[in-house]
Amino acid sequence: MDTSWSHYVLIGEIANFVAYMFAPAVLVTPLGALSIIVSAVLAHFILNEKLQRMGVLGCVLCIVGSTVIILHAPEEETPSSVAQIWHLATQPAFVCYAAFALVISLVLMLHCAPRYGQTNIVVYVGICSVIGSLTVMSIKAVGIAIKLTIEGINQACYFQTWLFATVSATCIVIQLVYLNKALDTFNTAVVSPIYYAMFTSLTILASAIMFKDWSGQSISSIASEICGFLTVLTGTVVLHSTREHDPTLSSDLYTPLPPIYWHIQGNSETGGKQKEDDLLSGDFITVVRQDYFI
């Protein structure tokens, strides 16, 4: 990764971090699919990667679903202190979710990953998604703490601020390790939609439990948000399924070559012996299988 590209990635992550300060995770996380659209469009114009008609349909579905989510997104009340966020994080419902997430993650990491990680895509992606939902919750808490500190309400004096920061750093490292393993083991076009679906679903669930994003919303608004998310998910799957794959070598290229017959035209000495110079200067006609050449 070159320096300029890493700068763009860093800017994007900072912008995503800031978004969690001002908007609920149920809104910010699904809109991450817009980055897939931007990547596909830029690849079409800059990298000359053909965007097929079904790919355009996938982009349109992502845009429509994102619009529906934005129109029906809940209004979030920003906590007044990290202590208030800690109260939300220690409520019985979220404690049960966090405990369940940790148990599932440990089972996947310690038992399933060594045995099935190389063959089952759900193992690595599941670890990333479950840990990722806790990452978003802790990052949101740190972001709100930074926002309040900038506004003049110092949150550095609370131990909860540093605890949330430690949890964020730990979860990010685990998430990146297993996401890289998933991308190294399986096709990116398969990993991306599965990871997006699992990560976004669990993050929305965790945010709804901890921050009560859907509290006070009507059934129709919640249903509209779910439909919008499913539309975005469908568009993401369609877009990734139509991406052009890198050509791979045929398996028969690794089979042994058949015998090669040489017809040599050139000067030869009497007695059937031919000098090396004459052999190298002769005209060669090689008979081989044509499909061994790309």
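**Aromatic pairs, core and second largest pocket**

Tyrosine 178 has a relative accessibility of 11% and so counts as buried, the cut-off being under 20%. The values come from a predicted model. Tyrosine 124 is also buried, at 5% relative accessibility.

The rings of these two tyrosines form a pair. The centres of the tyrosine 124 and tyrosine 178 rings lie 6.0 Å apart, and their planes stand at 45 degrees, so the pair is tilted. Tyrosine 124 belongs to helix H7 and tyrosine 178 to helix H8, so the contact ties together parts 54 residues apart in sequence.

A search of the whole structure returned 6 aromatic pairs. One of them joins tryptophan 86 and phenylalanine 159 in an edge-to-face arrangement. Here the centre-to-centre distance is 6.0 Å and the angle between the planes is 65 degrees. This pair links distant parts of the chain: tryptophan 86 sits in helix H5, phenylalanine 159 in helix H8, and 73 residues separate them. Tryptophan 86 is partly exposed, with a relative accessible area of 28%. Phenylalanine 159 is exposed, at 53%.

Ring pairs extend this arrangement into a cluster of Trp86, Phe159 and Phe164. Phenylalanine 164 touches Val82, Ile85, Trp86 and Ala89. Its contacts also include Ser138, Ala141 and Val142, with residues up to four places away in sequence left out of the list.

Phe164 recurs in the largest nonpolar core, which has 54 residues. Phe164 is among the core residues with the most contacts inside it, together with Phe94, Tyr124, Leu134, Met137 and Met210. At least two core residues come from each of helix H2 (25–28), H5, H6, H7, H8, helix H9 (188–210) and helix H10 (219–241). H7 gives the most, with 16 residues. In soluble globular proteins, nonpolar side chains tend to be buried together.

The second largest pocket has a volume of about 430 Å³. Its lining comprises 21 residues. Phe94, Ala98, Leu102, Leu134 and Val167 lie nearest the pocket centre. Two or more lining residues come from each of helix H5 (82–89), helix H6 (92–116), helix H7 (121–150) and helix H8 (159–185). H6 gives the most to this lining, with 7 residues. By residue class, the lining of the second largest pocket holds 17 nonpolar and 4 polar residues, and no charged ones. Phe94 and Leu134 thus appear in two settings: they are among the core residues with the most contacts, and they are among the lining residues nearest the pocket centre.

Definitions and conventions:
Residues numbered from 1 in each chain as written. Predicted model: local features only at pLDDT ≥ 70, side-chain atom pairs only at ≥ 80, totals over all residues. Heavy atoms only, no water. 1 Å grid on protein atoms, 1.4 Å probe; cavity = no way out; pocket = protein on both sides within 12 Å on 5 of 7 lines; lining within 4 Å. Points joined across faces, edges and corners; volume = space filled by probe spheres on them. Helix = DSSP H or I, 4+ residues; strand = E, 2+ residues; numbered from the N terminus. Nonpolar A, V, L, I, M, F, W, Y, C, P; charged D, E, K, R; others polar. Core = buried A, V, L, I, M, F, W, Y, C linked by side-chain atoms within 4.5 Å. Buried < 20%, exposed > 50% of the residue type's maximum accessible area, 1.4 Å probe, protein only. Contact = heavy atoms within 4.5 Å. Phe/Tyr/Trp six-rings, centres within 6.5 Å; stacked < 30°, edge-to-face > 60°.
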